[in-house]
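Subject: Handing over a structure, with notes

Dear colleague,

I am passing this structure on to you, and my notes on it follow below. Please look through the sequence and the coordinates before reading on.

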Amino acid sequence: MRTLTLWAIAAILPGAFSPVSDLRAKDGEEPPRASKTDKYRLIWTTSPANRVTMGWNQKSGDPGTVHWGETDHGRDAEAYPESLAATRVKEYDGFTNCFAKLEDLKPDTRYYLVISDEHGTSSRFQFQTAPATPQPFTFIAGGDSRNFRDVRIAANMMVEKLRPLFVAFTGDMINKDDAIEWDEWLDDWQHTTSDDGFLIPIVAHRGNHERRPETIPAYFNTPKNAYFSFSVGSDLFRYLALNSEIPAGEKQEKWLDEQLEKYSNSTTHLVAGYHKPMRPHVSKKSEGTNPMQWADNFYEHGLDLALESDSHVMKRTEALKPSSKGHEGFIAAPNDPKATVYIGEGCWGAPLRDNDDNKPWTIASGSFNGFDWIQVSPDKIEVKTVKILNPSKVKRVSPEAPFENPEGITLWEPKSGTVLTIQAD
Ligand SMILES: [Fe+2]
């Protein structure tokens with residue numbers, strides 16, 4: 001399965017990535033000196049129409065300052081109208097993780113930013129805030145990037161080609177939760193950023209390989225327990241990032257119920273993501289007793305789609321209703337507006353496993369590296385599953401048709417259909 005070698009080895013050179021904006025300078029002027037920053041990540045937790053967090057590693061010196069605005073001033077930090085010093089600095093694994101929470105942003109707006117420090121200025125980056133009115137958008141969901149850097153980089157390069165609004169990364173970024181692996185993972189993540197510095201936001205979830213409870217908050221500035229939620233397009237879409245590695249009941253379930261209570265009536269599409277699947281499609285995996293506690297809450301409030309990971313296979317289910325009379329606690333309920341479709345189960349470079357545990361309500365499963373590419377529209381959610389093959393041969397999606405297959409892409413084509421559609425109800 002791992003056929004991505006030559007180009008991947010070339011791409012894997014540490015620190016090889018640098019946006020071309022690094023090289024830009026005004027005519028006749030010396031380019032600004034470089035800041036001592038790296039390992040950039042744009043992070044979403046709450047209210048992404050108005051708020052994003054810029055994260056980076058400060059390699060030396062005092063934590064830098066983010067400068068941003070709606071006009072591209074290249075690397076001229078002082079020309080940007082807004083600036084903010086790191087609002088949180090977290091020493092972890094020997095990294096100085098800096099975070100600046102940029103607030104009061106305009107929805108659906110392009111921003112440009114640089115980071116300056118005592119040494120100089122970073123590359124010029126850009127990002128797009130979430131829309132605040134219902135309109136179609138795409139996002140990518142996947143997880144389990146923990147072992148093979150060539151596949152992980154290829155998948156990250158595919159993210160760059162598809163330019164989704166955000167990536168829901170449902171856990172197990174790394175294998176060993178240590179400094180060496182995070183050093184590599186954060187460098188590899190830079191491949192999601194285009195040559196023109198376009199940052200794709202990450203929505204970070206905790207997996208079992210994020211062994212230390214502090215890890216996800218330390219690298220991605222999430223709330224302490226790593227569960228949170230946000231809307232995109234006002235009432236169009238509500239996303240719930242859950243944590244399957246702590247008790248699903250107790251405080252988390254109370255929070256989940258409050259969220260579902262508050263948003264289920266007014267929201268068109270409710271989607272949840274978490275690491276451990278309720279019912280893995282790999283026989284040697286134990287059943288997801290902990291997350292299974294959410295199945296009734298999902299059904300009661302009509303959660304439309306659940307994104308799972310952990311097993312290193314791919315699967316799609318019918319819309320499911322929890323039932324003690326069903327198979328492993330579920331029955332297919334395709335015409336029930338409250339039923340939930342489950343997809344996943346994560347392979348972004350972790351060792352592939354056999355998809356040897358299909359259920360009567362499984363509509364497709366497979367064993368390959370890939371992620372789900374999802375378009376949310378007012379009338380439906382559509383899911384395509386992208387195979388991680390040679391991304392250098394894939395063209396970038398057009399901004400006018402962000403869900404149209406770019407040239408060179410390879411999609412999973414199970415018998416049940418290439419596109420899984422979940423109608424709004
Ligand atoms: Fe896992």
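Which exposed residues are carried by the face of α5 turned away from its buried side? They are Glu 250, Lys 251, Lys 254, Glu 258 and Glu 261.

Before the rest, two remarks on how to read these notes. The model is a predicted one, in which local features need pLDDT of at least 70 and side-chain atom pairs count only at pLDDT 80 or more, while totals for chains, interfaces and linings use all residues. Residues are numbered from 1 along each chain as its sequence is written.

To stay with helix α5 (helices being DSSP runs of H or I with at least four residues, and strands DSSP runs of E with at least two, both numbered from the N terminus), it covers residues 250-263, and its 14 residues reach 20 Å from the first C-alpha to the last, close to the 20 Å expected at 1.5 Å a residue (the expected span being 1.5 Å times one less than the number of residues). The buried residues of α5 are Gln 252, Leu 256, Gln 259 and Leu 260, where buried stands for 20 or more other C-beta atoms within 10 Å of the residue's own, exposed for 12 or fewer and partly exposed for anything in between, with C-beta atoms placed from the backbone. Seen down the axis of α5, these buried residues fall within an arc of 95 degrees, so they line one face of the helix (the arc is that of the directions from the helix axis to the C-beta atoms). They pack against β12 (228-232), β13 (237-241) and α7 (295-300).

Strand β13 is itself mostly covered, with 5 of its 5 residues buried. Phe 237, Tyr 239 and Ala 241 point one way from this strand, Arg 238 and Leu 240 point the other way, and all are buried. With β12, strand β13 pairs in the antiparallel sense over 5 bridges (strands pair if DSSP finds at least two bridges between them), and Phe 230 stands opposite Tyr 239 in β13. The hairpin of β12 and β13 has 4 residues between the strands, and in it Gly 233 takes a positive phi near 70 degrees. Strand β13 is also joined by 5 bridges to β14 (residues 269-273), the two running parallel, and there the bridge partner of Tyr 239 is Val 271.

Helix α2 (residues 149-162) also has 14 residues, and it reaches 20 Å from its first C-alpha to its last, close to the 20 Å expected. Of those 14 residues 11 are buried, so α2 is largely enclosed by the rest of the structure; among the buried ones are Asp 150, Arg 152, Met 158 and Leu 162. The residue that follows α2 is Arg 163, whose phi is positive, near 40 degrees.

The largest nonpolar core has 110 residues, of which Phe 139, Met 158, Val 167 and Val 203 touch the most other members (such a core is a set of buried Ala, Val, Leu, Ile, Met, Phe, Trp, Tyr and Cys residues joined through C-beta atoms within 7 Å). It is α2 that gives the most to this core, with 8 residues. Leaving out residues up to four places away in sequence, Val 167 touches Phe 139, Ile 140, Val 159, Ile 200, Ile 202 and Val 203, contact being counted when C-beta atoms, placed from the backbone, lie within 7 Å.

As for the overall division, the protein chain falls into domain 1 (32-128) and domain 2 (137-423), with bounds that come from an automatic or database domain assignment. Their centres, taken over C-alpha atoms, are separated by 27 Å, and 25 residues of domain 1 are in contact with 24 residues of domain 2. The largest share of the side of domain 1 that touches domain 2 comes from β1, with 5 residues.

Gln 58 lies in strand β2 (residues 52-58), and with 23 C-beta neighbours inside 10 Å it counts as buried. Not counting residues up to four places away in sequence, Gln 58 touches Lys 36, Thr 37, Pro 63, Gly 64, Thr 96, Cys 98 and Asp 117.

Finally, strand β22 (residues 420-423) has alternating side chains, in that Leu 420 and Ile 422 point to one face and are buried, whereas Thr 421 and Gln 423 point to the other and are not. Strands β21 (residues 380-387) and β22 run antiparallel and are joined by 4 bridges, with Lys 380 standing opposite Gln 423.

With best wishes

Terms used:
Contact = placed C-beta atoms within 7 Å.
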